[in-house]
Amino acid sequence: MHKEIVDDKTMKRTLTRITYEIIEKNKGNQNLILIGIKTRGAFLAERIQMRLQQLEEIHVPEFALDITHWRDDQPEREAEISQPPFQAEDINNKHVVLVDDVLYTGRTIRAALDAIMNVGRPSKISLAVLVDRGHRELPIRADYVGKNIPTSHRETIQVLMAEIDDEDKIEIVDSRSE
């Protein structure tokens, strides 16, 4: 069973609110960099980047990060870890805002932190998520949260984005009905 909990207009407002929170906490700081976790986190980072440009007239660098080879649930990490799309000079002494669609156990975020720290040393790393669904396995929390949506373990959150899904919305999916 799919239950829509956020429509396209609410999703747009939520991203705008997250963008304003980033601006307020950083006082329009130009020392920011956005890193979106592929796939949907990367699209969210692009949207935040565009809103920052519109609202503050600042260009914030944005990168998409594939954390596949950094995950701890892979049977064997490959000898050649894929290099993130940014260099040390892109992140050293910068405030990195890591962006993802759903925060659940925290393991995806841990993998992204490993990838970032392998490249360089940011002055600060903050986390922005569209949805926090709880059930953390690691001590990770988001600094910017669009929606807190408590779920059971049998439920999943499905974020649909126009860039790849042809529509924007967030649904709860109950695995018992699948």
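Which residue just after helix 2 takes a positive phi? Keep that one in mind while you work through these exercises; the model is a predicted one.

**Exercise 1. Find the residue just after helix 2 that takes a positive phi, and describe its setting.**

Step 1. Go to the end of helix 2: just after it comes E57, with a positive phi of about 55°.
Step 2. Check the residue type: E57 is not a glycine, although its phi is positive.
Step 3. Place it: E57 sits in the loop between helix 2 and strand 3 (62-65).
Step 4. Is E57 buried or exposed? Its relative accessible area is 67%, and the cut-off for exposed is over 50%, so E57 is exposed.

**Exercise 2. Work out whether the length of helix 1 fits the expected rise per residue.**

Step 1. Count: helix 1 covers residues 8-26, which is 19 residues.
Step 2. At 1.5 Å a residue, that should give a span of 27 Å.
Step 3. Compare: the end C-alpha atoms are 27 Å apart, so the two agree.
Step 4. Now look at the two ends. At the N-terminal end, D7 acts as a cap, with a side-chain oxygen 3.3 Å from the backbone nitrogen of K9. Just after the helix, K27 has a positive phi of about 50°.

**Exercise 3. Do the length check for helix 2 and helix 4 as well.**

Step 1. Helix 2 has 17 residues and reaches 24 Å from first C-alpha to last, close to the expected 24 Å.
Step 2. Helix 4 (residues 107-119) has 13 residues and reaches 19 Å, close to the expected 18 Å.

**Exercise 4. Describe how helix 1 and helix 2 pack together.**

Step 1. Two numbers do the job here: packed helices are described by the angle between their axes and the distance between the axes.
Step 2. For this pair, the angle is about 65° and the axes are 9 Å apart.
Step 3. Which hand does the crossing have? The crossing of helix 1 and helix 2 is right-handed.
Step 4. List who makes the contact. Helix 1 brings M11, L15, T16, I18, T19, Y20, I22 and I23, while helix 2 brings L44, R47, I48, R51, L52, L55 and E56.
Step 5. Look at the spacing in those lists with this in mind: an α-helix has 3.6 residues a turn, so residues three or four places apart point the same way.
Step 6. Cross-check with burial. The buried residues of helix 1 include M11, L15, T16, I18, T19, I22 and I23. In helix 2, L44, R47, I48 and L52 are among the buried ones.

**Exercise 5. Say what covers the buried residues of helix 2 and of helix 4.**

Step 1. For helix 2, the cover includes helix 1, strand 2, strand 3, strand 4 (95-103), strand 5 and helix 5 (162-165).
Step 2. For helix 4, the buried residues are I109, R110, A111, A112, A115, I116 and V119.
Step 3. The cover over those helix 4 residues includes strand 2, strand 3, helix 3 (88-91), strand 4 and strand 5.

**Exercise 6. Trace the surroundings of R47, starting from its place in the chain.**

Step 1. R47 belongs to helix 2.
Step 2. Its relative accessible area is 15%, and buried means under 20%, so R47 is buried.
Step 3. Leaving out residues up to four places away in sequence, R47 touches M11, L15, M161, A162, E163 and D168.
Step 4. Pick out the polar partner: the side chains of R47 and E163 make a polar contact at 2.7 Å.

**Exercise 7. Compare the settings of H135 and P139.**

Step 1. H135 lies in the loop between strand 5 and strand 6. P139 lies in the loop between strand 5 (124-132) and strand 6 (144-148).
Step 2. H135 has 27% relative accessibility, so it counts as partly exposed.
Step 3. P139 comes out at 84%, so it counts as exposed.
Step 4. Check the backbone of H135: it has a positive phi of about 65°, although it is not a glycine.

**Exercise 8. Find the cis peptide bond that involves T39.**

Step 1. Go to the loop between strand 2 (32-37) and helix 2, where T39 is found.
Step 2. The cis bond joins K38 and T39, with omega about 10°.

**Exercise 9. Locate the motif listed in the UniProt record.**

Step 1. The unreviewed UniProt entry lists residues 96-108 as "short sequence motif: PRPP-binding".
Step 2. In the model, that span is 15% helix and 62% strand, with its end C-alpha atoms 16 Å apart.

Methods:
Residues are numbered from 1 along each chain as its sequence is written. This is a predicted model: local features need pLDDT of at least 70, side-chain atom pairs count only at pLDDT 80 or more; totals for chains, interfaces and linings use all residues. Side-chain values use heavy atoms; hydrogens and water are left out. Helices (H or I, at least four residues) and strands (E, at least two) are DSSP runs, numbered from the N terminus. Buried means under 20% relative accessible area, exposed over 50%, partly exposed in between (1.4 Å probe, protein chains only). The expected span of a helix is 1.5 Å times one less than its number of residues. A polar contact is a pair of N or O atoms within 3.5 Å; within protein, one must be able to donate a hydrogen and the other to accept it, and residues adjacent in sequence count only if both atoms are side-chain atoms. UniProt positions are given in the numbering used here, feature names are shortened, and annotations may be inferred rather than shown by experiment. Axes are lines fitted to C-alpha atoms, for helices over the stretch in contact, and angles run from 0 to 180 degrees between N-to-C directions. A crossing is left-handed if the near helix is turned anticlockwise from the far one by less than a right angle, and right-handed if clockwise. Contact means heavy atoms within 4.5 Å.
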